[in-house]
Amino acid sequence: MKLVSILNEELIFTNVSGVSRSGIYTDMLKKAQAVLDVPLDVETIVSGMIEREDTLRIPYEGCALPHLRGPEFDDLYIIVGILPKPVQLKESDVAPCSMVVMSLVSPDTSDLYLKSLAAMVRFITHPGTLAQLSQAKTPVEFLEMVRESNATVRSNLVAEDVMVSCESFLRENDTLSAALDLFSSGDNITIPVLDSNDRLVGEITAMDILKSFIPEYIFRMDNLDFLTSFEPFNRIFQEENQHVVRDYMHNPQLTVHPETPLIQFTVRMVKKGVRTCFVVDANRKYVGEIMVKHIVKKVLRG
Amino acid sequence: MEPSTFIFWFGTVVFVGTYALIASEKIHKTVAALLGAVLMMLVILPGPGHHGGGESVPAPVVQTEQISPAAASLNQLERNLSHANSNAMRNADRYSRLDTFSRYSNFDVVFTLAGMMLLVNLLSGTGLFQFVAIKCAKLAKGLPIRTMILLVLATALLSAFLDNVTTILLVAPVTLLVCSELGVPPIPFLMAETMASNIGGTATLIGDPPNLIIGSIANLNFMAFLVNLAPFIIVLTIIYCIILWAYYSRRMHVTVEKRALIMEIDENAAITDRGNLIRGGIVMILTIVGFLIHGAVGLQPCVVAMAGAALALCICKVDVDHALEKIEWSTLFFFMALFILVCGAEFCGLMEKIGSLLNLMEGWPVPVVVLLIMWVSALAAAIMNNVSFTAAMVTVVAAFISGNSAFSGSSACRDLLWWGLALAVCLGGNASLVGAAANLVTVGIADKNGHQVTFGQFLRYGIPVTVGSMMLASIYILVRYYTVCI
């Protein structure tokens, strides 16, 4: 199915007004209400969307993707708004937004919503696409751009739709100190280890590092309640610059390709108890990572 | 080639090859034993619906019922004979329908081990053994030599009632912790404990697997082991501790500060499940009582062990599946395969040939025969692992006893040989790294914690202990001979 087929010309607005998130969303919904047959409680929908965005803390980067699911909607409505000039919608946003793609999702259309959202994200993350779309003067011009791109809505979600491109990675010869810095600065629990050609050669977890500094015999004891003063971590401070990541990494527990369907990698992750899996291309070049929280955020709360 | 010649050589090659594979540790010992056992079953050992290459195995000797003297009349005698014969036929028929594993595996040994493994796993989950080890260090007030001696005594005592490997697995981690806190090298402690576990295990039927095998073949019960071996083992352990004291007391010193660290460890916090400790403890005591009386009431050790395990699983609040998973299945399969392998060697005539070597000692003085068998057995146990050696040796010794008038005619001499063999294989296991399973486990734990013990280093600890303990054991056997057998 083509992405353009599920977009409604009447729900694309190139003259959205407002300088805040609430104002922009309200304006788009009021404009949509004039077109749609279904009555919309604009205030409630806007507050619901904002509450959801704040709860999930999804940072936007150039394009906002608010949505709300509810029984009051009888179908999937995708409302596109192009802002006259970029607006910083939330403090946490990576960049001001010049376009808003709002979705109102009925209970029956959750699946289609996820697929169309994935298609939209794939489409607008193409270099230059978002800037081009933001310049559209009319809905027809906007739709023409989408049509020309031949963007499609896939029949299923794949790894590429759920993954995030992670900037944090380590090289085999990096020191433990560098690894510990990365762990402490981000919320990653597993960091990919790449070779000089950006191929995935392993993964390292903070647990790997901690475990290597705890004597093996400690793990042989079922109960450590009696152990209060034993302190093996001084060694880490003393030796973190002398050891390299290569000696502490292990083979990636799970790697998938960008085209791997959602159900496949989700089941594999659950089955193996893996919290992070890495996405690699045919040459094992690192593409991105999928954490359990990404599945929850993008699929269940996307 | 005659079929019987082929069978002999095939069985010999399989038997020797498997033992060589086990000793070399090139592949997992259980896999090696299973391969050997399967080859024996495929080619040599007959089973139901399969007659192998040899003649069929006769049914085990069926004890005919004792005819009461009161049954004086001929009719009564005939009725008794007829009843005994029908029982014998029924038993023979049942035996013929047994599957191959049941025929050739010694399930008395296997189930005794399994039952004790279950019981010990339940108890270890309560923190009891960590408590004991920490208590030893605290009773010693952190003084290294005292700590070593108390840990050695605790290990020897625990090993008398638990499997040696299990004892080491429970005591070694706490030992490493204590040594780390005291800042003393852990290897002397670990070596001393390993030797103590092999020595302590010699005291009882269930303390060391070779004893279980000997007890099962020689029909010696728990009480017999306790009465005949435990007193000597107590003396040996005391002498061992004195030697440790003399050797190490001036070689280890720790500061007051480090000793204080040990005194701050709260041993009571090691107990995680008081309820299960009490319930499991009661079951363990009942099981030991069961072992003490099993000979008198005519129960096999495996029935006692499995009864204890079943009772513990019933009254202790544990996840039964998890408890069963923790059984060392690899060890049990190793034993099962080993018994089949030995049966194969027996069936092909290899054991008879080896036994004929022992027949060269026909007419020799009993003490010389016993001591010679003891020292050769100790050496062989050290080279090829005491369990593997014992599994084969008991068959040879049993055949030798039945064919040698000095031993078959005197139960005291016969038992003396069994006690000598038990002492030799258990104490001989101390000599080398591969001599006993506990040795390998200790060295493995030490290695994983950055303390490597090479084969040669182990010999430096093992040979003096083995030679010393074997000399004392020889004296004990001689004393017994001149006081009991003559």
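Helices, in the sense used here, are DSSP runs of H or I that hold at least four residues, numbered from the N terminus. The model to which this is applied is a predicted one, and a helix of chain B serves as the starting point.

Helix α8 of chain B covers residues 164–182, and at 1.5 Å a residue its 19 residues should span 27 Å; the C-alpha atoms at its ends lie 26 Å apart, which agrees with that expectation. Along its course α8(B) nevertheless bends by about 30 degrees at Val171(B), with a proline, Pro173(B), following within four residues. The helix is mostly covered, since a residue counts as buried when 20 or more other C-beta atoms lie within 10 Å of its own, and 18 of the 19 residues of α8(B) are buried. After α8(B) comes Gly183(B), whose phi is positive, near 75 degrees.

From this helix one may turn to the nonpolar cores. In soluble globular proteins, nonpolar side chains tend to be buried together. The largest nonpolar core in this model has 160 residues, and those with the most contacts inside it are Leu119(B), Ala133(B), Ile340(B), Leu341(B) and Leu421(B). Helix α17 of chain B, residues 329–348, gives the most to this core, contributing 13 residues. If residues up to four places away in sequence are left aside, Ile340(B) touches Ala37(B), Met40(B) and Met41(B), as well as Tyr104(B) and Ser105(B). Apart from this core lies another, of 61 residues, which has Ile24(A), Leu83(A), Cys97(A) and Met102(A) among its members.

Met102(A) also leads into the strands of chain A, where it stands in β5(A) opposite Ile79(A). Strand β5 of chain A, residues 95–105, is mostly covered, with eight of its eleven residues buried. Strand β4 of chain A, residues 77–87, pairs with β5(A) in the antiparallel sense over seven bridges. By contrast, β2 of chain A, residues 61–64, runs parallel to β5(A) and is joined to it by three bridges, and Cys63(A) is placed opposite Met99(A) there. Strand β3 of chain A, residues 67–69, likewise runs parallel to β5(A), with three bridges between them, and Leu68(A) has Leu104(A) as its bridge partner in β5(A).

Elsewhere in chain A, three strands form an open sheet in the order β9-β10-β11, with mixed pairing. The edges are held by β9 (255–256) and β11 (286–291), each of which has a single partner strand, so one side of each is left without a neighbour in the sheet. Strand β10 of chain A, residues 276–280, runs antiparallel to β11(A) and is joined to it by five bridges, and Cys277(A) stands opposite Ile290(A) in β11(A).

The loop between β10 and β11 of chain A contains Arg284(A), which has a positive phi of about 65 degrees although it is not a glycine. Most residues other than glycine have a negative phi. Arg284(A) counts as partly exposed because 18 other C-beta atoms lie within 10 Å. A second such case is Asp198(A), with a positive phi near 65 degrees, found in the loop between β7 (190–194) and β8 (200–205) of chain A. Asp198(A) is also partly exposed, having 16 C-beta neighbours inside 10 Å.

Finally, the two chains meet: ten residues of chain A are in contact with 21 residues of chain B. On the side of chain A that touches chain B, four residues are nonpolar, two are polar and four are charged.

Conventions: Residues numbered from 1 in each chain as written. Chains lettered and ligands numbered in written order. Predicted model: local features only at pLDDT ≥ 70, side-chain atom pairs only at ≥ 80, totals over all residues. Contact = placed C-beta atoms within 7 Å. Nonpolar A, V, L, I, M, F, W, Y, C, P; charged D, E, K, R; others polar. Helix = DSSP H or I, 4+ residues; strand = E, 2+ residues; numbered from the N terminus. Expected span 1.5 Å × (residues − 1). Bend = angle between axes of the 7 residues up to and from the residue. Buried ≥ 20, exposed ≤ 12 C-beta atoms within 10 Å, placed from the backbone. Core = buried A, V, L, I, M, F, W, Y, C linked by C-beta atoms within 7 Å. Pairing = 2+ DSSP bridges.
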